[in-house]
Amino acid sequence: ERRAAEARAEQDRAREAAAEAGETLDDAVGSRIVTRMAGTRPSARLLRRARRGEIGGLILFADNVRSLDGVRFAVARLQRAARDGGHAPLLVMVDQEGGLVKRLGSLPPTRSALAMGDRSNRTTIARREGRDTARALRRLGIAVDLAPVVDVPSSRRSFLGTRAFGTSVSRVRATGCAFADGIVAGGGVPTLKHFPGLGRAGANTDDVAVRITASRASIEAGLAPYERCGRDAERLVMVSSAVYPALGGKAPAVLEARTYRLLRDDVGSEAITISDDLQTPALDGQRDVEVRAARAGLELLLFAGTEAGSERGYRRLRAAARRKRLPRAGLLAAATRIDALRRSAAAPPR
């Protein structure tokens, strides 16, 4: 009850701050959209969207990279467009886990998650790798690392492979959190993923719809990393697109309000939530995805497939907000939290 009262008080403060700042519904919707970029330079259309406040973040992939200087230039152009429109800096992010998932191949981490977790001095190594990664990304204007993966695989035959720090909760918690803490030490924003866990998934939600049949007790045991290092409001938690029947869900977790209650009430996390890709095959057949996710409690909506997909997502959310299908108070509260992170993430590292 005390936590619930504190949460309500925090939402009230966020609403008041948003009102004082003159946040419009369109601005609030835009702050929640994370888009991919086509090619190695932002198009005139994407620059206009940044200037109008229709995007709050950008995700980069290997096909956006011709050179590190090119990445730095592209990011700077988009940030200038957002600034010219009077908006907070964009949250620029990349999957830089190490090993097989590393969009900027010449930058840290130098080891995969599994290689970090297998060492006797694993926490020292992971923290150093996280710090070095954040520092390297910051030099390009990238604040958010979409890492670490803190899923706990049931065996090493899991599809996660070397992306996982190990197969025990204690090892994943210690090593994954050390990596996350290192990112913070390097001036970046870590992202714990994929809540509430893909350790027992039979396939990747990037490829197919996934139903996880693990028991509730098993799923809850895997939440330990979020309890250890996922509580801070200046970190992100990525929400899974799998279905978890044991948690009472019939739809993918990202669309279920109970997922966010589990994160807030049971784990006690204040981290900002971000979806896994909303254009994934795992969500094929689901209707009104953007609005349902936002209504359930999701804050940042990630469109990793196409720029056009993020543009459609923005229009759908804006229409829902104008028709009052999305409560104004919730929109403004989420936007206030996101904009605070956008500003703090852009500040020089302490």
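Strands E8 and E9 (residues 272-275) pair in the parallel sense over four bridges. Strands are DSSP runs of E with at least two residues, helices are runs of H or I with at least four, and both are numbered from the N terminus. Two strands pair if DSSP finds at least two bridges between them. The model is predicted: local features need pLDDT of at least 70, side-chain atom pairs count only at pLDDT 80 or more, and totals for chains, interfaces and linings use all residues. Residues are numbered from 1 along each chain as its sequence is written, and side-chain values use heavy atoms, with hydrogens and water left out.

Within the E8-E9 pair, Val239 stands opposite Ser275 of E9. Helix H10 (residues 257-267) joins E8 and E9 in a right-handed β-α-β unit. Right-handed means that, with the strands pointing away from the viewer, the path from the first strand over the helix to the second runs clockwise. E8 also pairs with strand E7 (residues 191-195), again in parallel, through four bridges. Here Leu192 stands opposite Val237 of E8. Strand E8 (residues 236-239) is covered on both faces. Leu236 and Met238 are buried on one side, Val237 and Val239 on the other. Buried denotes under 20% relative accessible area, exposed over 50%, and partly exposed the range in between (1.4 Å probe, protein chains only).

A separate description applies to the open sheet of five strands. Its order is E6-E3-E2-E1-E10, with parallel pairing. Strands E6 (144-145) and E10 (301-303) stand at the edges with a single partner strand each, so one side of each is left without a neighbour in the sheet. Strand E1 (residues 33-36) pairs with strand E2 (residues 57-60) in the parallel sense, over three bridges. Val34 stands opposite Gly57 in E2.

Leu146 lies in the loop between E6 and helix H7 (169-185). Leu146 counts as buried, at 0% relative accessibility. Contacts (heavy atoms within 4.5 Å) connect Leu146 to Ile59, Met93, Val94, Asp95, Glu97, Thr191, Lys193 and Met238, not counting residues up to four places away in sequence. The C-alpha atoms of Leu146 and Ile274 are separated by 9.9 Å, with their positions 128 residues apart along the chain. Thr191, in strand E7, is likewise buried, with a relative accessible area of 0%. A polar atom of the Thr191 side chain lies 3.0 Å from the backbone oxygen of Asp145. Beyond neighbours within four places in sequence, the contacts of Thr191 include Val144, Leu146, Pro148, Leu236 and Ile274.

Aromatic pairs number two. Rings of Phe, Tyr and Trp (its six-membered ring) pair if their centres lie within 6.5 Å; planes under 30 degrees apart count as stacked, over 60 as edge-to-face and the rest as tilted. Phe165 and Phe179 form a tilted pair, 6.4 Å centre to centre with 50 degrees between the planes. Phe165 sits in the loop between E6 and H7, and Phe179 in helix H7, 14 residues apart. Phe165 is buried at 2% relative accessible area, and Phe179 is buried at 1%. Phe195 and Tyr226 form an edge-to-face pair, at 5.0 Å centre to centre and 85 degrees between the planes. Phe195 belongs to strand E7 and Tyr226 to helix H9 (residues 224-229), so the pair ties together parts that are 31 residues apart in sequence. Phe195 is buried at 0%, and Tyr226 is buried at 1%.

Salt bridges total 23, each a side-chain nitrogen of Lys or Arg within 4 Å of a carboxyl oxygen of Asp or Glu. Arg216 and Glu220 meet at 2.8 Å, N to O. They are four residues apart in helix H8 (residues 216-221), separated by about one helical turn. Arg216 is partly exposed at 35%, as is Glu220 at 32%. Asp288 and Arg325 meet at 2.4 Å, N to O. This pair links the loop between E9 and helix H11 (289-296) to the loop between helix H12 (307-322) and helix H13 (328-346), 37 residues apart. Arg316 and Glu290 form a salt bridge, with the closest N and O atoms 3.1 Å apart. Arg316 lies in helix H12 and Glu290 in helix H11, so parts 26 residues apart in sequence are tied together. Arg316 is partly exposed at 42%, whereas Glu290 is buried at 6%. Salt bridges that share partners join Asp95, Glu97, Arg103, Arg163 and Lys193 into one network.

Note on methods. A polar contact is a pair of N or O atoms within 3.5 Å; within protein, one must be able to donate a hydrogen and the other to accept it, and residues adjacent in sequence count only if both atoms are side-chain atoms.
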